[in-house]
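Below are some short points on aromatic rings and their neighbours, meant for someone opening this entry without prior notes. Please read them with the structure in view.

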Amino acid sequence: MLQGLPLGAPMRENLIVGHAALPQWNFIAEAKSPSDVTVLKVANWEEYIDEGGWDDEEAIELDSGTITSKDGLVADFEAWYYETYGKQVKVEYSTYGTNEDLYSQLTLGDTFDLVCPSEYMMMKLMKEDLLQPLSARFFDPSVEYNYYTRGVSPYIEDIFSGNEINGKPWGAYMAGYMWGVIGIVYNPEEVSDEEASTWSILTNPAFRKQVTIKDSAREAYFPVLAIMNQERLLSDEFKNSPDYHEKLAELMNDTSPGTMAKAEPILREIRQNVYSFETESGKADMVTGKVVANLQWSGDGAYTLDQAEADDYYLKFAVPEECTNLWFDGWVMLKSGIKGDTEKQQAAEAFINFLSRPDNVVRNMYYVGYTSVISGGEDSQIFDYVDYCYGAEEGDTIRYPLGYFFSGDDTDEDYVITAPADQAQRQLFAQYPPLEVFDRSAVMLYFPDDVNAELNQMWINVRCFNFDQVSGQTWLKVILVLGLIGLVIAALRFRHSIFKRPVKRGFYRSD
Amino acid sequence: MNYHFSRRQLCIPYAAFLICFVIAPLLVILYYAFTNGEGSFTLGNLTGFFSSPNTVGTLFYSVLIAVTTTCTCLLIAYPAAYILARSKMKRKTILLAIFIVPMWINFTLRIVALKEVLTLLEGNLAYHPFLNTIIGMTYDFLPFMILPLFTTLTKMDESLLEAAYDLGAGKAAAFVKVILPLSAPGIVSGVTMVFLPAMTNYVILDMLYNSTYIMGSLIGSYFSSYDWNSGSMISIILLLIIFLLTWATNGFREDDNRRGALL
């Protein structure tokens, strides 16, 4: 009776109804064959996957069909896996806030099978040999369900196979998920395009206390390096040198003691100039107009622009001319979780593939706001979605080529979007920066532990209260206040001798 | 089955709790504070803290914030508690509730709301970070100052005040010589309850304006970069400072009055 119970996606609702009416069915199933269910422990960033619950208005109507989501990708995956492979999988999904949180969880003994760290944490995990390599099956393009291999953008594929850790390419261990650059979200009424096109905006006295950056030593170090090497980065000689990309990568990963020593004063200057170092508030502060410019990852940038637009408030996104940080998050399997279990590994790889199915990519991109590394390969749904979001026929339009991402050839006429002219600096630009932006991008690599400790110490030095920031006038005020407090305390302490009144003549105390 | 229940056994749950959640964690912190990354004994964390102008500066800044917050709270709370306790108003409890009700609302929510209000008032919070922090902290800790003061002031023996007037004291003299000393336990417990959390509470500072570290955020930053040893040492240093302060303020207390300060 139980085996006949369909678990496929179309019957999901029936199953739930059945479950409510006859709960003993499910119970017997679990008791009978618990080993048939593969448990997959997945950890991901918060709000980094489509969780479903879309209402009808949110449905995305593409030429190839309507895309909507009710149960979210995790539940849909469980149903899809049963339909496709005939086996049950139970996803235990959890979230974390930062790469460092994830790493602490792993060192404190939590086990996960599949996690989604950023590139530098992936490098650390790879260096420490904690990762399970992706299987050869995963990369077989002839298998229909290998949506990742069949759909990953050739541009990303090149990056993943071209960079190595311990002699192995990144792509052997990591399947990309979302990617982008860092840039500046700014309010065009307060900040001009030129001002936003350089990292010096962070030290620009015109925006004193009106810009924010991330509260993280790594994220803050990158713009500091860019400001430090500004002249060199912008010089034609440097830009036109044959090994420009190697030199750029080297420069943006320079952690030599001399460079760090020079970076600290610049970081202090930035600290004096910024509104705050934010972890979460950056987007909100931008939308509410508390700050005029904000360093932001491109996906969050697009989100911020959307939020502001809902309030009829127009923001723009710019990537500074000096250079930018190319970042990506991706799925890796952990040895400690998979433990050589092929069933589990298959489920983990199927999870990656399910998320890489073009319609699911669209769902994810709509829900999360970031840009997926999947271009869809033969399937045009993802390009259709971008066109659906940004395409325009009338008015002031521009041609926006995306061939580099979708087919690997930026001159490819099939992948050009005709978009409103202002999209060149807005969401389309934030989600799919043009190739020239990636030309000046560098991946910030993983720093060894001792460098990280130094970087953190520098960050602490900058963030701590320093006596030398205090002006003489402030000192005077502080001394005055402290003196006053001292007086009050003294008065309380010696109140008996101060307030004691002399005995008046004519009175005789009995004691 | 010769089992005798004695009253002493009622301590067992509390003792178990104490050992698991107070003593054991403290020992762990102590262990980390006096070891280095490899686990061998060192005093480096201690000397490291006091030899860096940055960390000492942060300690100074935290104390400054805590002292200012406490003074502001006291200056606002004392008159309020005095009026609440001494006046003959009928709806006193409602008034008291107005002071207490904010405590029932989620702390984070209140600070976010305060941020909006402050932004409306002055525009850019980053121009006056110190002032804003003090406003935020005062806003948050004020009830903790009012309550003990209110309790001591209501419990005060009215006849002592009458005696003071009978013996020819003016209003000011009666206040300074009778009311103030009698409310000292309330002041001390209020000051302790405000000063100690104000030393370490960095959430308010972070939410209003996140740029300068105070002790709490300093500890946090060491922990988030896996340097548990330095972080633990700073926690121990803070613990010692707080211990010394509590011990010093104990000098003001008298045994009889201590019962007056309920909180």
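**Notes on aromatic contacts**

1. Lys124(A) is placed over the ring face of Tyr103(A), 4.4 Å from the ring centre. The model is a predicted one, and this placement should be read as a computed feature of that model.

2. A second charge over a ring is found in chain B: Arg110(B) sits over the face of Tyr139(B), with 6.0 Å to the ring centre.

3. Turning to rings paired with rings, a search of the whole structure gives 51 aromatic pairs over all chains. One of them joins Trp80(A) and Phe354(A), whose ring centres are 5.0 Å apart. Their planes meet at 35 degrees, so the pair is classed as tilted; a stacked pair would need planes under 30 degrees apart, and an edge-to-face pair over 60.

4. What does this pair link? It connects distant parts of chain A, with Trp80(A) in helix α3 (residues 73-85) and Phe354(A) in helix α17 (residues 342-355). The two residues are 274 residues apart.

5. Are these two residues buried or exposed? Trp80(A) has a relative accessible area of 7% and is buried. Phe354(A), at 2%, is buried too. The cut-off for buried is under 20%.

6. Phe405(A) and Phe406(A) form another aromatic pair, this one edge-to-face. The centres are 5.0 Å apart and the angle between the planes is 85 degrees. Phe405(A) counts as buried because its relative accessibility is 0%, and Phe406(A) is also buried, with a relative accessible area of 5%.

Notes. Residues are numbered from 1 along each chain as its sequence is written. Chains are lettered from A and ligands numbered from 1 in the order in which they are written. This is a predicted model: local features need pLDDT of at least 70, side-chain atom pairs count only at pLDDT 80 or more; totals for chains, interfaces and linings use all residues. Side-chain values use heavy atoms; hydrogens and water are left out. Rings of Phe, Tyr and Trp (its six-membered ring) pair if their centres lie within 6.5 Å; planes under 30 degrees apart count as stacked, over 60 as edge-to-face and the rest as tilted. Helices (H or I, at least four residues) and strands (E, at least two) are DSSP runs, numbered from the N terminus. Buried means under 20% relative accessible area, exposed over 50%, partly exposed in between (1.4 Å probe, protein chains only). A charge sits over a ring if NZ of Lys or CZ of Arg is within 6 Å of the ring centre and within 35 degrees of the ring normal.
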